[in-house]
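Okay, hi everyone, thanks for making time. Let me put the structure up so we can walk through it together.

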Amino acid sequence: MSFNLFDLTGKTALITGGVHGLGMAMAKGLGQAGAKIVVNNHSSQVAVDHAIAEYKAEGIEAYGYLFDVTDEKAVIDAINKIETEVGPIDILINNAGIIKRTPIIDMEVSDFEAVIKVDLTGPFIVSKNIAKGMITRGGGKIINMCSMMSELGRDSVSAYAAAKGGLKMLTKNMATEWAKHNIQINGIGPGYFATSQTAPIRVNGHPFNEFIMQRTPAGRWGNPDDLQGAAIFLSSKASDFVNGHIVYVDGGILATIGKPSNEN
């Protein structure tokens with residue numbers, strides 16, 4: 001009985017930006033739990049095709065679509081196409097995002113707005129239009145990919161932190177408005193993960209690698225698969241009375257102020 005709580009057989013899950021990295025890791029977890037997987041990319045059909053081939057090689061039923069999460073008409077058209085060709089979207093993970101690392105004083109307004117548009121307005125657009133169908137059908141799951149920057153600042157990521165802080169509160173407000181329709185809306189906030197993007201700094205002796213190893217109580221970088229449990233839980237019947245929360249999968253970083261420099 002308890003295992004059935006996490007069974008996603010018969011469900012269709014859309015993971016925006018799920019063609020690589022943490023999005024792909026979560027999508028694989030949902031696929032292995034029985035869900036049909038739908039992923040998108042905003043510009044590269046090649047990236048979509050490669051991702052679908054990788055999912056299928058692991059026995060996961062997967063589909064890919066090309067659309068921009070910040071273009072509402074394109075989003076609506078894609079939702080209609082997905083629900084016609086694959087099935088009603090039961091699970092949405094708003095994973096697509098960008099970051100621009102520029103000090104506030106040097107950042108162009110256009111760059112700030114570009115990050116907000118993808119990382120905050122995008123989830124608003126996609127969630128709003130998918131939630132309409134969920135309300136009609138009597139339920140669904142929405143997961144917004146937040147960040148430790150939903151809680152903490154960091155040098156040179158002002159737009160990203162503003163977007164992710166806003167996404168935390170958008171998650172809570174979605175829950176406030178849609179929980180009565182049996183829709184559970186929650187967030188996941190990843191810590192620092194071992195991905196291709198972080199590979200150049202995950203080497204012994206690199207200052208940032210040493211910082212993360214010391215700053216994380218678990219004493220390591222996260223593995224992408226570490227996100228799968230949270231994603232499956234928040235996508236499944238097991239979380240049917242969980243609403244408006246952010247689950248931080250960070251090895252304990254947010255739980256502690258850290259070690260003094262003279263402490264081993």
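I'll go through the sheet, then the helices lying across it, then a lysine.

So, first off, this is a predicted model. Its 7 strands form an open sheet, and the pairing is parallel. Reading across, the order goes β3-β2-β1-β4-β5-β6-β7. At the edges you've got β3, residues 62-66, and β7, residues 246-249. Each of those has a single partner strand, so one side of each has no neighbour in the sheet. From one strand to the next, the twist averages 20°.

Let's zoom in on one pairing. Strand β1, residues 12-15, runs parallel to β4, residues 91-94, and 3 bridges join them. If you want a residue pair to click on, Leu14 has Leu92 in β4 as its bridge partner.

Now the helices. Helix α2, residues 45-57, lies across β2 and β3, and its angle to β3 is about 170°. Then there's α4, residues 109-137, which lies across β1, β4, β5 and β6. Relative to β4, helix α4 runs at about 175°.

Last thing: the lysine, Lys168, which sits in helix α5, residues 158-178. Is Lys168 buried or exposed? Its relative accessibility is 16%, and the cut-off for buried is under 20%, so Lys168 counts as buried. And what is Lys168 in contact with, leaving aside neighbours within four places in sequence? That would be Cys146, Ser150, Glu151, Ile246 and Tyr248.

Okay, that's my bit, over to you.

Technical notes. Residues numbered from 1 in each chain as written. Predicted model: local features only at pLDDT ≥ 70, side-chain atom pairs only at ≥ 80, totals over all residues. Heavy atoms only, no water. Pairing = 2+ DSSP bridges. Helix = DSSP H or I, 4+ residues; strand = E, 2+ residues; numbered from the N terminus. Axes fitted to C-alpha atoms, helices over the stretch in contact; angles between N-to-C directions. Contact = heavy atoms within 4.5 Å. Buried < 20%, exposed > 50% of the residue type's maximum accessible area, 1.4 Å probe, protein only.
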